[in-house]
Amino acid sequence: MFLRKTIIALTGLFLCIFLIVHLSANSILVLPEEMARGLYNSYSTTLRESPLIKIVAYVLYLSIVLHVIYSLLIILNNRKAKSKRYLLNRSKENSSWTSQNMGLLGIMILLFIVVHLANFWARIKLGLGESVALDANGHVDVYEVTYSLFQNVYYVVFYTILMIPLGLHLNHGLKSAFKTLGFYHKKGLRVLAKISLVYAAVMAVGFGLIPFIVFLK
């Protein structure tokens, strides 16, 4: 059980770092189109062609898979344990709604990831669906793919709404990850709780606002 939780914690922290980089890149989209298109497509080309980034990408994919698998194993194990607990169970009084529903939040985030990959990764990396044109600099026009998707109000709403479970999951998950890795300094945990809240809010609001800003361009 400890090994599983450690893997969840380490992969979760890696994914938290990835989200910071991803949000920074997505922030390019809010710039004026004449600037955003070139910068975003150049950045995307670097991600696809850099050998180092390719290695990081494989680590990212592996982290997502391990995080999901071991989280599901923990959830199933906890459900089995519930049937063996005493009748007087006060867990709901001692834990938040988020901590009790991390599995549900995770499933919602996984749904988002699948849809997101189907619209971006599968089309751009695998060449599935409608072909993607090149921009004036000869780069694959990922900006156009993103811009077009963010002109679809249904996708924008879907994208933005699912940033809510992402924020909740990140807030609780970041704190839990450090505890799993042995960080129990009393004052440090209070500071960590504030950092987790700010981090989760920035990620959720940041990712959630960008589609609306692009939609209103």
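The legends below accompany an overall view and several close-up views of a predicted model.

**Figure 1. Overall fold of the protein chain in the predicted model.** The protein chain contains eleven helices and zero strands. Its pattern along the sequence is accordingly written α-α-α-α-α-α-α-α-α-α-α. The C-alpha trace extends over about 65 × 35 × 30 Å along its principal axes. Of the 217 residues in the protein chain, 33% are buried. The accessible surface amounts to about 13,500 Å², and carbon and sulfur atoms contribute 70% of this area. Among contacts with a separation of 6 or more, 78% join residues that are 24 or more positions apart.

**Figure 2. Close-up of the second largest pocket and its lining.** The second largest pocket holds about 210 Å³ of space. Its lining consists of Ser96, Thr98, Leu168, Asn171, His172, Lys175, Ser176, Lys179, Thr180, Tyr184, Leu189 and Leu192. Two helices, α10 (163-180) and α11 (186-215), each supply at least two of the lining residues. Helix α10 gives the most to this lining, with seven residues. Sorted by class, the lining comprises four nonpolar, six polar and two charged residues. Rolling a probe the size of a water molecule over the atoms shows where empty space is left.

**Figure 3. Close-up of threonine 98 in helix α5.** Helix α5 covers residues 97-100 and includes threonine 98. Threonine 98 counts as buried because its relative accessibility is 14%, and buried means under 20%. Leaving aside residues up to four places away in sequence, threonine 98 touches Leu105, Leu168 and His172. Leu168 and His172 also appear, together with Thr98, in the lining of the second largest pocket.

**Figure 4. Close-up of serine 196 in helix α11.** Serine 196 has 0% relative accessibility and therefore counts as buried. Its contacts, not counting residues up to four places away in sequence, are with Asn171, Leu174 and Lys175. Serine 196 and asparagine 171 are 25 residues apart along the chain, and their C-alpha atoms are separated by 5.0 Å. Asn171 and Lys175 also belong to the lining of the second largest pocket.

**Figure 5. Close-up of an aromatic cluster.** The residues that form this cluster are Phe112, Phe150, Tyr155, Phe158 and Tyr159. The count of aromatic pairs comes to ten. A pair of aromatic rings is described by the distance of the centres and the angle of the planes.

**Figure 6. Close-up of glycine 127 in a loop.** The loop that carries glycine 127 lies between α7 (121-124) and α8 (142-149). Glycine 127 is classed as exposed because its relative accessible area is 53%, the limit being over 50%. Between the C-alpha atoms of glycine 127 and isoleucine 8 the separation is 32 Å. These two residues are 119 residues apart along the chain.

**Figure 7. Close-up of isoleucine 161 in helix α9.** Helix α9 spans residues 153-161 and contains isoleucine 161. With a relative accessible area of 48%, isoleucine 161 is partly exposed. Proline 51 is 110 residues apart from isoleucine 161 along the chain, and the C-alpha atoms of the two are separated by 35 Å. Helix α9 also includes Tyr155, Phe158 and Tyr159 within its range of residues 153-161, and these three residues take part in the aromatic cluster.

Notes: Residues numbered from 1 in each chain as written. Predicted model: local features only at pLDDT ≥ 70, side-chain atom pairs only at ≥ 80, totals over all residues. Heavy atoms only, no water. 1 Å grid on protein atoms, 1.4 Å probe; cavity = no way out; pocket = protein on both sides within 12 Å on 5 of 7 lines; lining within 4 Å. Points joined across faces, edges and corners; volume = space filled by probe spheres on them. Helix = DSSP H or I, 4+ residues; strand = E, 2+ residues; numbered from the N terminus. Nonpolar A, V, L, I, M, F, W, Y, C, P; charged D, E, K, R; others polar. Buried < 20%, exposed > 50% of the residue type's maximum accessible area, 1.4 Å probe, protein only. Contact = heavy atoms within 4.5 Å. Areas by Shrake-Rupley, 256 points an atom, 1.4 Å probe, with all protein chains shown as cover. Phe/Tyr/Trp six-rings, centres within 6.5 Å; stacked < 30°, edge-to-face > 60°.
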